[in-house]
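Please open the structure in your viewer and keep the selection panel at hand. This tour moves from stop to stop, saying what to select and what is there.

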Amino acid sequence: MVSSFARLLKNRYKGKLDQDADDFINFAVDGANRMQVLITDLLAYSRVGRWGNEFKEESSDAVLERALSNLKVVVEQRGAVVTRDPLPVMMGDDSQLAQLFQNLIGNAVKFCKDRTPHIHVSSERRGNKWVFSVRDNGIGIAPEYFERIFLIFQRLHGKQEYPGTGIGLAICRKVAERHGGRIWVESEPGSGSTFYFTIPMEREIKP
Ligand code: ADP
């Protein structure tokens, strides 16, 4: 309601009051839009673990496909190139795993500055778990932030530089942990990052 009415005010009264009024309405529209994104992201965060689906055998190729179709517009806009190795069948919650891939690939596209994003998704078997990786050629992350970025609301950049709410990686961590796995990053500032997450082959659900 706040967002729609602020937009209505903008469309109907733009240029009809004075410059201050136009500015104030623009601030209200931007603020309402940010609030909407924040609420959507917070809801997604709170749902992981409470509203999950049953674990089933899922093709990670299909799960990745779903994530990429949600990202179609940004991937095309940025001319991002996403490649992948053949991915395994795993036990899990397909919606949450799609969300995990979507957040990692969305970040890989976003934190790339002016380069064409090149992203590679792969997986390997290590003992009784699958290790998935999402590699990018983006801005990279300094080692002192490797842990912090997975905490909710922790961001390394201002909203003007890169938009976002700081919730995406916290969701990824919750999803990986709910599947009995973990998530981490390796990176070199300036030359890209690789995010890894594990999914055990045996079914194991964290409450
Ligand atoms: P958001 O993307 O909304 O800022 P995230 O929780 O997804 O929130 O990420 C937290 C922070 O981690 C980001 O603000 C960014 O500083 C850093 N980050 C995440 N992914 C990448 C990446 N692929 N390359 C560089 N930095 C990243």
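In which loop is the place of F153? Select F153 and follow the chain to either side: this residue sits in the loop between strand 5 (129-135) and helix 6 (168-178). Keep in mind from the start that this is a predicted model. The phi angle of F153 is near 70 degrees, which is a positive value in a residue other than glycine. Is F153 buried, exposed or partly exposed? Its relative accessibility is 46%, and because the class of partly exposed residues lies between the limits of 20% and 50%, F153 counts as partly exposed.

Now zoom out and colour the whole protein by secondary structure. You should find six helices and seven strands, and, read from the N terminus on, they follow the order α-α-β-α-α-β-β-α-β-β-α-β-β. The C-alpha atoms fill a box of roughly 65 × 40 × 30 Å along the principal axes. Of the 207 residues in the protein, 41% are buried. If you consider the contacts between residues at least 6 apart in sequence, 71% of them join residues at least 24 apart.

Next, select the five strands that form an open sheet, whose order is 2-4-5-7-6 and whose pairing is mixed. Strand 2 (81-84) and strand 6 (183-188) stand at the edges, and because each has a single partner strand, one side of each is left without a neighbour in the sheet. Looking across this sheet, you will see that neighbouring strands are turned by 20 degrees against each other on average, when direction is ignored. As background for the next stops, strands of a sheet pair through backbone hydrogen bonds, in either a parallel or an antiparallel way.

Begin at the edge with strand 2 and strand 4 (residues 118-126), which run parallel and are joined by four bridges. To see one of these pairs, select V81 together with H118, its bridge partner in strand 4. Then walk back from strand 4 into the loop that lies between it and helix 5 (94-110), where K113 has its place; K113 is not a glycine, and yet it has a positive phi of about 55 degrees.

Move on to strand 7 (residues 192-200) and show its side chains. Nine of its nine residues are buried, so strand 7 is largely enclosed by the rest of the structure. In a regular strand the side chains alternate between the two faces of the sheet. Here G192, T194, Y196, T198 and P200 point one way, while S193, F195, F197 and I199 point the other way.

Which strands pair with strand 7, and how do they run? Strand 5 is joined to strand 7 by seven bridges, and the two run antiparallel; select F132, and you will find that it stands opposite F197 in strand 7. Strand 6 also runs antiparallel to strand 7, with six bridges between them, and here S187 has S193 as its bridge partner. Strand 6 and strand 7 form a hairpin with three residues between them, and G190 in the turn has a positive phi of about 95 degrees.

For the last stop, select D23, which lies in helix 2 (residues 19-47). With a relative accessible area of 28%, D23 is partly exposed. Add K10 to the selection: D23 and K10 are 13 residues apart in sequence, and their C-alpha atoms are 9.7 Å apart in space.

Definitions and conventions
Residues are numbered from 1 along each chain as its sequence is written. This is a predicted model: local features need pLDDT of at least 70, side-chain atom pairs count only at pLDDT 80 or more; totals for chains, interfaces and linings use all residues. Side-chain values use heavy atoms; hydrogens and water are left out. Buried means under 20% relative accessible area, exposed over 50%, partly exposed in between (1.4 Å probe, protein chains only). Contact means heavy atoms within 4.5 Å. Two strands pair if DSSP finds at least two bridges between them. Axes are lines fitted to C-alpha atoms, for helices over the stretch in contact, and angles run from 0 to 180 degrees between N-to-C directions.
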